[in-house]
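Q: I would like to learn how to read a structure, one feature at a time. Where should we start?

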Amino acid sequence: MPLRAIVATTASKTAAALSRAAGRGDGSVIGGWIGLKIDPDLLTHLASGRAVALVSGTNGKTTTTRLTAAAVGVLGRVATNSFGANMPSGHTSALAKEGHTPFAVLEVDEHYLPQVIEATRPKVVALLNLSRDQLDRAKEVAMMAQLWKTTLASHPDIRVVANADDPLVVWSAAASTQVTWFSAGQRWHDDSFVCPESGHPIERANGDWWCSGCPLRRPRPQWVVEEDGVIDPRGDWHLVKLQLPGKVNLGNAATALAVAGEFGVRPIEALPRLSRVSSIAGRYAQVDRDGRNIRLLLAKNPASWLEAFDMADQAPTLLSINARDPDGLDTSWLWDVDFAPLRDRPVLITGDRAFDLAVRLQVNQVPFRHVNSFDEALASVPPGRLEVIANYTAFQDIRAVLDRVN
Ligand SMILES: [Zn+2]
């Protein structure tokens, strides 16, 4: 590496370590920021010589990145931004911290995908899904899909691993010549009722979909979730045992196997590693306290709330909503979520914006009770499982009450 990049790398690691020592998080954002100030090309220098996979999409990218890093780990050391710092400062910091590794698996914020592709020249890009998110600052989903499409069209050498079940993803990957399709199912359809190419309605039946006015249709996937396993491109079915709950994580595992497959990792080698992942920065973590088994589920936008309802057991459920900066300040997305699946279980609500949620639940005819704190919630449910579904900062608040559970 050039001298400037070496100095920048050292400064980045030092700043991150100082930030950690001062108890200000894992330091990856500030460390990467300082490194990039000293050498704007630092990410390019650090990525060079590594086989890189990028994972992007609205939902599931942190979990999929973690599972993919575990799978690619079969081949050797992997650098990864496992704590969700998914912008270039986080990538820079993750690569600087790990030193030289043959592989890197990086979660990328969907807005930054073009610039991170330019900087890291990845071998594989995984495209998970696109749906509405943070209404006050995220791009409109069709614009996001267009941005991806334009970017991938100018990098035909990159292998793309893409979700065949999401029409927006299929459309954005259509210009790529080397696509491996996976099917992980899609519960949320509200952002793809119409074709992004022609504007005609998208028809759906039995897991298939097609445009009613142009040739865009679901491609045949090479990796498919079936029952509690995954079918690989050779047609072999593999049982997938995960500690992570729900069908959505089976889909994330299928994606991880597909990406690792591009590096030459076989499912039989990767699966034992996937089964050892138990939680990701507190997500899916289970904590026993006062006879209650608390499980933490993070839900950030309408599509991920639907997935969380699917993952949660039929048990008392605490919902917590904030609207601070990292969450997005606009809570009108609550009206995009159908909370009806919660009608037949005890529901508690809390958080800064609990009363926004209260109005939504009342209209949705979901009985609920408001509590002022996590401890009050804990005291008001019987011993046994308590499911907690919270958005970003609300999740972090509860994680702090539980001593920063990982
Ligand atoms: Zn069409």
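A: Start with contact, which means heavy atoms within 4.5 Å. Note also that this is a predicted model.

Q: Which elements do the buried residues of α14 pack against?
A: A residue is called buried when its relative accessible area is under 20%. In helix α14, residues 392-401, the buried ones are T393, A394, F395, Q396, I398 and R399. They pack against β13 (292-298), β14 (317-320), α13 (374-379) and β17 (384-390). Just after α14, D403 takes a positive phi of about 60 degrees.

Q: What are the protein donors of the zinc ion?
A: They are C195 (SG), S198 (OG), C211 (SG) and C214 (SG), lying 2.2 Å from the zinc ion. In sequence these donor residues follow the spacing C-x2-S-x12-C-x2-C. The pair C195 and C211 links distant parts of the chain, 16 residues apart: C195 sits in the loop between β6 (179-183) and β7 (202-205), and C211 in strand β8 (residues 208-211). Both C195 and C211 are buried.

Q: What is the geometry of the site of the zinc ion?
A: The ideal angle for four tetrahedral donors at a metal is 109.5 degrees. Here the angles among the four donor atoms run from 98 to 116 degrees, and the site is tetrahedral.

Q: How many salt bridges does the structure hold?
A: A salt bridge pairs a side-chain nitrogen of Lys or Arg with a carboxyl oxygen of Asp or Glu within 4 Å. The structure holds 18 of them. In one, R77 pairs with E98, with the closest N and O atoms 3.5 Å apart. This pair links distant parts of the chain, 21 residues apart, with R77 in the loop between α4 and β2 and E98 in helix α5 (residues 88-98).

Q: Why does R77 count as partly exposed?
A: R77 counts as partly exposed because its relative accessibility is 47%, and partly exposed covers the range between under 20% and over 50%. E98 is partly exposed too, at 31%.

Q: What else does R77 touch?
A: Leaving out residues up to four places away in sequence, R77 touches E98, H100, T101, P102 and F103. Its side chain also reaches the backbone oxygen of E98 at 2.8 Å.

Q: Which residues do salt bridges that share partners join into one network?
A: Take one pair to begin with: E387 forms a salt bridge with R385, the closest N and O atoms being 3.1 Å apart. Shared partners join R295, D313, R385 and E387 into one network. Both E387 and R385 are buried.

Note on methods
Residues numbered from 1 in each chain as written. Predicted model: local features only at pLDDT ≥ 70, side-chain atom pairs only at ≥ 80, totals over all residues. Heavy atoms only, no water. Buried < 20%, exposed > 50% of the residue type's maximum accessible area, 1.4 Å probe, protein only. Helix = DSSP H or I, 4+ residues; strand = E, 2+ residues; numbered from the N terminus. Polar contact = N/O pair within 3.5 Å; in protein donor to acceptor, adjacent residues only side chain to side chain. Donors = N, O, S within 2.8 Å, 3.2 Å for Na, K, Ca; no water. Tetrahedral: all angles 85-135°; square planar, octahedral: opposite > 155°, others 65-115°.
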